[in-house]
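These are my notebook entries on one protein chain. I record what I looked up and what I found, entry by entry.

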Amino acid sequence: MTTTLQKLAGVFGVIFVLLAVLGFIAPGGLVMAMDPTTGMVLGVFPVNLLHNIVHLAFGIWGLIASRTWSGSKSFFTAGGVIYVVLTLVGFLSPTGFGLVPLGGADIWLHAVLAIAMLGIGLTAKPAARPAAAPPPRPCACASTTRSSPSNSTHASICSGRIVLNFSSTGASS
């Protein structure tokens, strides 16, 4: 059974993979330069090779996590915490300590992702299991028993079903 949480993890995974692809094909998206004008996705978000690899890793993680409910919950919860950290680092060091561009519009995108992912991960509840079928009720309908010295037959008709019970009481010669 695929839950809504698993479907969301799959959607997030696909979006992250697409963002990585957009970053890789953006001018400057395949270099490690920290020049914010070198690689820009949608003309707003600065990227570099490492940034795109991180998006690709998050996308693959989301797709793999979408296979199970617990994996999806972990993806959203842990991913949300990671994006909180990236948001804070973006304020403190917009160049990600010289490794990855985290400043500018990325700060706000990471903040929105942190809130969304934590909201989904922390409020997720397991899907309700279907109720077990009630035990069969004893039949109080028409029945008949026929006995002979070596066996007996009991027939019941209840709710349109015919139930036959055969039993043997003696050995045959």
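**Entry 1. Phe75 and its ring partner**

Is Phe75 buried or exposed? I note at the outset that the model is predicted. I looked up Phe75 and found a relative accessible area of 0%. Because the cut-off for buried is under 20%, Phe75 is entered as buried. I then turned to Phe76, which also counts as buried, at 0% relative accessibility.

**Entry 2. The chain as a whole**

I next recorded the overall figures. The chain has 173 residues, of which 31% count as buried. I listed four helices and five strands, and reading along the sequence I wrote down the order α-β-β-α-α-α-β-β-β. For the surface, I noted that the chain exposes about 10800 Å², with 71% of that supplied by carbon and sulfur atoms. I also looked up the contacts with a separation of 6 or more: 51% of them are accounted for by residues 24 or more positions apart.

**Entry 3. Aromatic pairs**

How many aromatic pairs does a search of the whole structure find? I entered eight. I looked up Phe16 and Tyr83 among the ring pairs: their centres are 6.0 Å apart and their planes stand at 15 degrees, so I classed the pair as stacked. This pair links distant parts of the chain, since I placed Phe16 in helix H1 and Tyr83 in helix H3 (residues 69-92), 67 residues apart. Both Phe16 and Tyr83 are buried.

I then examined Phe75 and Phe76, which form an edge-to-face pair with 5.1 Å from centre to centre and 65 degrees between the planes. I also recorded one aromatic cluster, formed by Phe12, Phe16, Phe58, Trp61, Phe75, Phe76 and Tyr83. Both of the pairs described above have their members in this list.

**Entry 4. Helix H3**

Do the end C-alpha atoms of H3 stand at what distance, and what span should its 24 residues have? At 1.5 Å a residue I expected 34 Å, and I found the end C-alpha atoms 35 Å apart, which agrees.

I then listed the buried residues of H3. They are Gly71, Ser72, Phe75, Phe76, Gly79, Gly80, Tyr83, Leu86, Thr87, Val89 and Gly90. For the spacing in that list I kept one general point in mind: an α-helix has 3.6 residues a turn, so residues three or four places apart point the same way. I asked what covers the buried residues of H3. The cover includes H1, helix H2 (49-65) and H4.

**Entry 5. His110**

Where is His110 found? I located His110 in helix H4 (residues 105-123). With a relative accessible area of 3%, His110 is buried. Setting aside residues up to four places away in sequence, I found that His110 touches His51, Tyr83, Leu86, Thr87 and Leu102. I noted that Tyr83, Leu86 and Thr87 also stand in my list of buried residues of H3.

**Entry 6. Ala26 and the loop after H1**

I looked up Ala26 and placed it in the loop between helix H1 (4-25) and strand S1 (40-41). Ala26 counts as buried, at 11% relative accessibility. Leaving aside neighbours within four places in sequence, I found Ala26 in contact with Met40 and Val41. I also entered the separation of the C-alpha atoms of Ala26 and Leu42, which is 8.6 Å for residues 16 apart along the chain.

**Entry 7. A nonpolar surface patch**

Which residues make the nonpolar surface patch of about 470 Å²? I recorded Val21, Leu22, Ile25, Leu42 and Val44. Ile25 is found in helix H1, and I entered it as exposed, with a relative accessible area of 64%. Leu42 is found in the loop between S1 and strand S2 (45-46). At 66% relative accessibility, Leu42 counts as exposed.

**Entry 8. Positive phi values**

I looked up backbone angles last. Leu42 has phi near 60 degrees, a positive value in a residue other than glycine. For Phe97, also not a glycine, I again entered a positive phi near 60 degrees. Phe97 lies in the loop between H3 and H4, and its relative accessible area of 66% makes Phe97 exposed.

Definitions and conventions: Residues are numbered from 1 along each chain as its sequence is written. This is a predicted model: local features need pLDDT of at least 70, side-chain atom pairs count only at pLDDT 80 or more; totals for chains, interfaces and linings use all residues. Side-chain values use heavy atoms; hydrogens and water are left out. Helices (H or I, at least four residues) and strands (E, at least two) are DSSP runs, numbered from the N terminus. Buried means under 20% relative accessible area, exposed over 50%, partly exposed in between (1.4 Å probe, protein chains only). Contact means heavy atoms within 4.5 Å. Accessible areas come from the Shrake-Rupley method with a 1.4 Å probe; for residues, only the protein chains shown count as cover. Rings of Phe, Tyr and Trp (its six-membered ring) pair if their centres lie within 6.5 Å; planes under 30 degrees apart count as stacked, over 60 as edge-to-face and the rest as tilted. Patches are made of residues with over 30% relative accessible area and no salt bridge: like charges are joined within 9 Å, nonpolar side chains (Val, Leu, Ile, Met, Phe, Trp, Tyr) within 5 Å. A salt bridge is a side-chain nitrogen of Lys or Arg within 4 Å of a carboxyl oxygen of Asp or Glu. The expected span of a helix is 1.5 Å times one less than its number of residues.
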